[in-house]
Amino acid sequence: MATLSLDLRQRILDSYDEEEGTREEIAERYRVSLGMVKKLLQQRRHTGDIAPRHHYSGRKPTILENHCQKLRGLLGKKPDLTLKELRQAVALECSLPAIHYALAKMGLTYKKRHSGPVNRSVGTSPRPDGPGVKSNPPSTRPS
């Protein structure tokens, strides 16, 4: 459904303010739902604004800015904390992946790196018999 323009919103409210009909009649005249007229009146009453409020929709974040500051401080002091320990220390009620994504968004890591190379593929030791030599006997009986 498309958002109503500011012009149409203003005309609806002007019609209501000038008592040009009931809310139902105004909704029918401007071809919007009765609920839209009610929501528009309520929004103006509560906020004084009639503009669309898309940025207020959706799920509210669980990890707020003050939580992020605490996480940053904890990881600065002790960088090898696990996600579970971080969740307990900050007293968050969210999933472990949520904390992981919040840390990634902040550019932080939560796991101490060892002094060795980072996840590089290392070749295995050569076979003692040499290349191309089978070390195990065949699994079938000789005839």
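Visitor: Let's start with H67: is H67 buried or exposed?
Guide: Keep in mind that this is a predicted model, and then look at helix α4, residues 65–77, where H67 sits. The relative accessible area of H67 is 15%. The cut-off for a buried residue is under 20%, so with 15%, H67 counts as buried.

Visitor: Which backbone atom does the side chain of H67 have a polar atom 3.0 Å from?
Guide: Start with the residues that H67 touches, skipping those up to four places away in sequence: T62, V90 and L92. The polar partner belongs to another residue, L64. At 3.0 Å from a polar atom of the H67 side chain lies the backbone nitrogen of L64.

Visitor: Let's zoom out. How many helices and strands are there in the protein?
Guide: Walk along from the N terminus and the elements read α-α-α-α-α-α. There isn't a strand in that run, and the tally is six helices and zero strands.

Visitor: What share of the residues is buried?
Guide: The protein has 143 residues. H67 is one of the buried ones, at 15% relative accessible area. As a share of the protein, buried residues come to 22%.

Visitor: What share of the contacts joins residues at least 24 apart in sequence?
Guide: The pool here is contacts between residues at least 6 apart in sequence. Within that pool, the share joining residues at least 24 apart is 49%.

Visitor: How are α1 and α3 oriented to each other?
Guide: Helix α1 covers residues 6–17 and helix α3 covers residues 34–47, and their axes are 11 Å apart. The two pack at an angle of about 85°. Angles of 65 to 115 degrees count as roughly perpendicular, so α1 and α3 are roughly perpendicular.

Visitor: How many nonpolar, polar and charged residues are in the contact of α1 with α3?
Guide: From α1, the contact uses R9, I12, L13, Y16 and D17. From α3, M36, V37, L40, L41, Q43 and R44 take part. Sorted by class, that gives seven nonpolar, one polar and three charged.

Visitor: Q43 was in that list. Which residue's backbone oxygen does the side chain of Q43 reach at 2.7 Å?
Guide: Q43 is in helix α3 and is buried, at 15% relative accessible area. Beyond its neighbours within four places in sequence, Q43 is in contact with R9, G48, D49, I50, A51 and R53. The backbone oxygen that its side chain reaches at 2.7 Å is that of A51.

Visitor: How far apart are the C-alpha atoms of A51 and L4?
Guide: A51 is in the loop between α3 and α4. Not counting residues up to four places away in sequence, A51 touches L6, R9 and Q43. L4 is 47 residues from A51 along the chain, and their C-alpha atoms are separated by 9.0 Å.

Visitor: What about the other helix pair: how are α5 and α6 oriented?
Guide: Helix α5 spans 83–90 and helix α6 spans 96–106. Their axes come within 9 Å and cross at roughly 90°. That crossing angle makes α5 and α6 roughly perpendicular.

Visitor: How many nonpolar, polar and charged residues make up the contact of α5 with α6?
Guide: On the α5 side there are L83, K84, L86 and R87. On the α6 side there are L96, I99, H100 and L103. By class they split into five nonpolar, one polar and two charged.

Visitor: What is the phi of E19?
Guide: Most residues other than glycine have a negative phi. E19 is not a glycine, yet its phi is positive. E19 lies in the loop between α1 and α2 and is exposed, with a relative accessible area of 71%. Its phi is about 55°.

Visitor: Which residue in the loop between α5 and α6 has a positive phi near 60°?
Guide: It is a residue other than glycine. It is also exposed, at 64% relative accessible area. The residue in this loop is A91.

Visitor: One last thing: how many disulfides are there?
Guide: A disulfide is a covalent bond between the sulfur atoms of two cysteines. C68 is buried, at 13% relative accessibility, and C94 is buried too, at 12%. The disulfide count, though, is zero.

Key
Residues are numbered from 1 along each chain as its sequence is written. This is a predicted model: local features need pLDDT of at least 70, side-chain atom pairs count only at pLDDT 80 or more; totals for chains, interfaces and linings use all residues. Side-chain values use heavy atoms; hydrogens and water are left out. Axes are lines fitted to C-alpha atoms, for helices over the stretch in contact, and angles run from 0 to 180 degrees between N-to-C directions. Helices (H or I, at least four residues) and strands (E, at least two) are DSSP runs, numbered from the N terminus. Angles under 35 degrees count as roughly parallel, over 145 as roughly antiparallel, 65 to 115 as roughly perpendicular and the rest as oblique. Contact means heavy atoms within 4.5 Å. Ala, Val, Leu, Ile, Met, Phe, Trp, Tyr, Cys and Pro count as nonpolar, Asp, Glu, Lys and Arg as charged, and the others, Gly among them, as polar. Buried means under 20% relative accessible area, exposed over 50%, partly exposed in between (1.4 Å probe, protein chains only). A polar contact is a pair of N or O atoms within 3.5 Å; within protein, one must be able to donate a hydrogen and the other to accept it, and residues adjacent in sequence count only if both atoms are side-chain atoms. A disulfide is a pair of cysteine sulfur atoms within 2.5 Å.
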